[in-house]
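Work through these exercises with the sequence and the model side by side. Try each task before you read its solution.

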Amino acid sequence: MKRENYSIMTEFTFQAFSSFHEHQMTLFVVFLKLYIFTLAGNVIIVTIIRIDRHLHTPMYFFLSMLSTSETVYTLVILPRMLSSLVGMSQSISLAGCATQMFFFVTFGITNCFLLTAMGYDRYVAICNPLRYTIIMNKRVCFQLVGGACSIGLIVAVTQVSAVFRLPFCATKVAHFFCDIRPVMKLSCIDTTVNEILTLVISVLVLVVPMGLVFISYVLIISTILKIASAEGRKKAFATCASHLTVVIVHYGCASIAYLKPKSENTRDEDQLISVTYTVITPLLNPVVYTLRNKEVRDALYRAVCRKHS
């Protein structure tokens, strides 16, 4: 196929949930509710951390950054997905597709490294409590967040540039957003090099952060087990429980999506996995950190009491 055909392609069309045609309105209602809960939860977290001085600590600074990143991440994907479920246009321009992929990759990877930074914060808090405020000063916190964002941007530019240099011969994206592999499948030429690049990037941005978090928790658990009192051990574990829950689900879903063989699942199975990390995982963050976190619950209570007093 000649390269000229690439210039003819001006837009793609999402196949989205076409195989669930009879249930699309039900899916719309369910996903809309989850999206509203996610947005509301993340906005509440960011607001309460900003206004409550008790939460002006490195741990909650990272949490507010994660909530902000998750909010933008879902804004890039979910509104268009919801509109497609109610019969609105499922087409997207090449530029729009590249933009959506860029932001999706940027914030998806930023989230991975923010979770790693949060793991490092918990490691310092439990393993070096006397030096915590010195090690986790404002400059270090901003550097960690800046590093997470920079990695996301660099990888997104690399990945999106590689994908959109390909010539495309088909227009139907077998997905509900411009994810990397479904778009690459539309290419006229062999995409082995791009597949290898995607796998290498996936390993670096998933396995490396997972490894760092794992090392942090090995050191954390070994330190906690040395604590003499049962109450002390329980309190130390409690400070890590929320983060560990989010980490397991986030990295687990992302690993299944991007580290599995490319032809292992059907389109519907791939979409189900994608729904998990684009809809369910972003909701998990505010749910876990508001319902299971006593400090956030107390801050919410104080804010409500101030409002009614």
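Helix axes are lines fitted to C-alpha atoms over the stretch in contact, and angles run from 0 to 180 degrees between N-to-C directions. Keep that in mind for the packing exercises. The model is predicted.

**Exercise 1. Find how α8 and α9 pack.**

Solution.
- Step 1: Take the axes of helix α8 (residues 192-224) and α9; they come within 11 Å.
- Step 2: Read the angle, which is roughly 160°.
- Step 3: Angles over 145 degrees count as roughly antiparallel, so α8 is roughly antiparallel to α9.
- Step 4: Add the hand: α8 passes α9 in a left-handed crossing.
- Step 5: Locate the contact. On α8 its residues include L199, L206, M210, Y217 and I224. On α9 they include R233, F237, L244, Y251 and Y258.
- Step 6: Sort the contact residues of α8 with α9 by class: 17 are nonpolar, three polar and one charged.

**Exercise 2. Repeat the analysis for α4 and α9.**

Solution.
- Step 1: Helix α4 spans residues 94-127, and helix α9 spans residues 230-258.
- Step 2: Their axes come within 11 Å and cross at roughly 150°.
- Step 3: That angle therefore makes α4 and α9 roughly antiparallel to each other.
- Step 4: The crossing of α4 and α9 is left-handed.
- Step 5: Among the α4 residues that meet α9 are F104, N111, L115, M118 and R122. Their partners in α9 include A236, C240, H243, V247 and Y251.
- Step 6: By class, the contact of α4 with α9 has eleven nonpolar, seven polar and one charged residue.

**Exercise 3. Describe the packing of α3 on α4.**

Solution.
- Step 1: Helix α3 covers residues 58-85, and its axis is 9 Å from that of α4.
- Step 2: The packing angle is about 160°, so α3 and α4 are roughly antiparallel.
- Step 3: α3 and α4 make a left-handed crossing.
- Step 4: The contact of α3 with α4 contains 17 nonpolar, five polar and four charged residues.

**Exercise 4. Which parts of the chain does the C97 to C178 disulfide tie together?**

Solution.
- Step 1: Count the disulfides; the structure holds two.
- Step 2: Pick the one that joins C97 to C178, with an S to S distance of 2.0 Å.
- Step 3: The torsion about this S-S bond is about -125°, so the disulfide is left-handed.
- Step 4: C97 lies in helix α4, and C178 is in the loop between β3 (172-173) and α7 (180-184). The pair therefore ties together parts that are 81 residues apart in sequence.

**Exercise 5. Where is confidence lowest, and where is it highest?**

Solution.
- Step 1: Start with the whole protein chain: its pLDDT averages 84, and 91% of the residues score at least 70.
- Step 2: Confidence is lowest in helix α1 (residues 5-8), at a mean of 50. It is highest in helix α6 (residues 138-163), at 95.
- Step 3: Check residues 1-7, where the pLDDT is below 50. Beyond near neighbours in sequence, this stretch has eleven contacts in the model.
- Step 4: Predicted coordinates should not be read in detail where pLDDT is low.

Note on methods:
Residues are numbered from 1 along each chain as its sequence is written. This is a predicted model: local features need pLDDT of at least 70, side-chain atom pairs count only at pLDDT 80 or more; totals for chains, interfaces and linings use all residues. Side-chain values use heavy atoms; hydrogens and water are left out. pLDDT is the predictor's confidence in each residue, from 0 to 100. Helices (H or I, at least four residues) and strands (E, at least two) are DSSP runs, numbered from the N terminus. Contact means heavy atoms within 4.5 Å. Angles under 35 degrees count as roughly parallel, over 145 as roughly antiparallel, 65 to 115 as roughly perpendicular and the rest as oblique. A crossing is left-handed if the near helix is turned anticlockwise from the far one by less than a right angle, and right-handed if clockwise. Ala, Val, Leu, Ile, Met, Phe, Trp, Tyr, Cys and Pro count as nonpolar, Asp, Glu, Lys and Arg as charged, and the others, Gly among them, as polar. A disulfide is a pair of cysteine sulfur atoms within 2.5 Å.
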